[in-house]
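Trainee: Could we go through a model together, taking the features one at a time? I would like the general idea before each case.

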Amino acid sequence: MKFTKMHGCGNDYVTPMKSPMLLCFNMPPEKAAKLRLICMRFSIRFQPVPREDWGKTLSALCGLEDAAPEAATPEAFSEEMMVMALFPAGMAQQFLLALKRAKLPPVALKAVLTPTNSQWNPVQLYTELCRERDALRQGKQTVHTPQEPE
């Protein structure tokens, strides 16, 4: 298997060579259609994640590991969220700029796949992103707290 060095959030790590992927959660159909077109321009695989897959790790959703047997589907969340996975250096900025230029309504909860969050399920990531958003709104410094998979 071919491997490549990926860059994200200051963490360099080696992953199996795969195409960039955008995991999407709770996207309304019209917005999803526009996102899919922008993804096609960047050769990014657009992947809406159905609720029944929310018990899998982000890494499993990206095809980087086999999905472990799930105990139960975790609780749901209703906000839109997207995860940029396996983007080469610089692509995330270009992609986000393209979303802005296309006048796509912003997705408040966005993340880049990292070695830490790759082991979380979507609900764990959602919880962490909400914590960080709340801390920023209150003017507090965010403290990344690694979570154990449930």
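Trainee: In which sense do strand 3 and strand 5 pair, and over how many bridges?

Mentor: Strands of a sheet pair through backbone hydrogen bonds, either parallel or antiparallel. In this predicted model, strand 3 and strand 5 pair in the antiparallel sense, over 5 bridges, and M21 has A85 in strand 5 as its bridge partner.

Trainee: What is the strand order of the open sheet, and which strands stand at the edges?

Mentor: The order is 4-3-5-6, for a sheet of 4 strands with mixed pairing. Strand 4 and strand 6 stand at the edges, and because each has a single partner strand, one side of each is left without a neighbour in the sheet. On average, and with direction ignored, neighbouring strands are turned by 15° against each other.

Trainee: Which strands does helix 1 touch, and which does helix 4 lie across?

Mentor: Helix 1 packs on the sheet by touching strand 3 and strand 4, and its direction makes about 155° with that of strand 4. Helix 4, in turn, lies across strand 3, strand 5 and strand 6, and runs at about 110° to strand 6.

Trainee: Which element gives the largest share of the largest nonpolar core?

Mentor: In soluble globular proteins, nonpolar side chains tend to be buried together. Here the largest nonpolar core has 22 residues, and those with the most contacts inside it include L23, F25, L58 and F77. Helix 4 supplies the largest share, 5 residues. Leaving aside neighbours within four places in sequence, L58 is in contact with L23, F25, V83 and L125, among others. Apart from this core lies another, of 18 residues, among them C39, F87, F95 and L99.

Trainee: How many aromatic pairs does the structure hold, and what is the geometry of F25 and F77?

Mentor: A pair of aromatic rings is described by the distance of the centres and the angle of the planes. The structure holds 6 such pairs; F25 and F77 form a tilted one, at 6.2 Å centre to centre with 50° between the planes. F25 lies in strand 3 and F77 in the loop between helix 2 and strand 5, 52 residues apart, and both are buried. The rings of F42 and F95 have centres 5.9 Å apart and planes at 85°, so that pair is edge-to-face.

Trainee: Where is the pLDDT below 50?

Mentor: The mean pLDDT of the chain is 84, with 79% of its residues reaching 70 or more, but over residues 1-13 the pLDDT is below 50.

Definitions and conventions
Residues numbered from 1 in each chain as written. Predicted model: local features only at pLDDT ≥ 70, side-chain atom pairs only at ≥ 80, totals over all residues. Heavy atoms only, no water. pLDDT = per-residue confidence, 0-100. Contact = heavy atoms within 4.5 Å. Phe/Tyr/Trp six-rings, centres within 6.5 Å; stacked < 30°, edge-to-face > 60°. Helix = DSSP H or I, 4+ residues; strand = E, 2+ residues; numbered from the N terminus. Buried < 20%, exposed > 50% of the residue type's maximum accessible area, 1.4 Å probe, protein only. Core = buried A, V, L, I, M, F, W, Y, C linked by side-chain atoms within 4.5 Å. Pairing = 2+ DSSP bridges. Axes fitted to C-alpha atoms, helices over the stretch in contact; angles between N-to-C directions.
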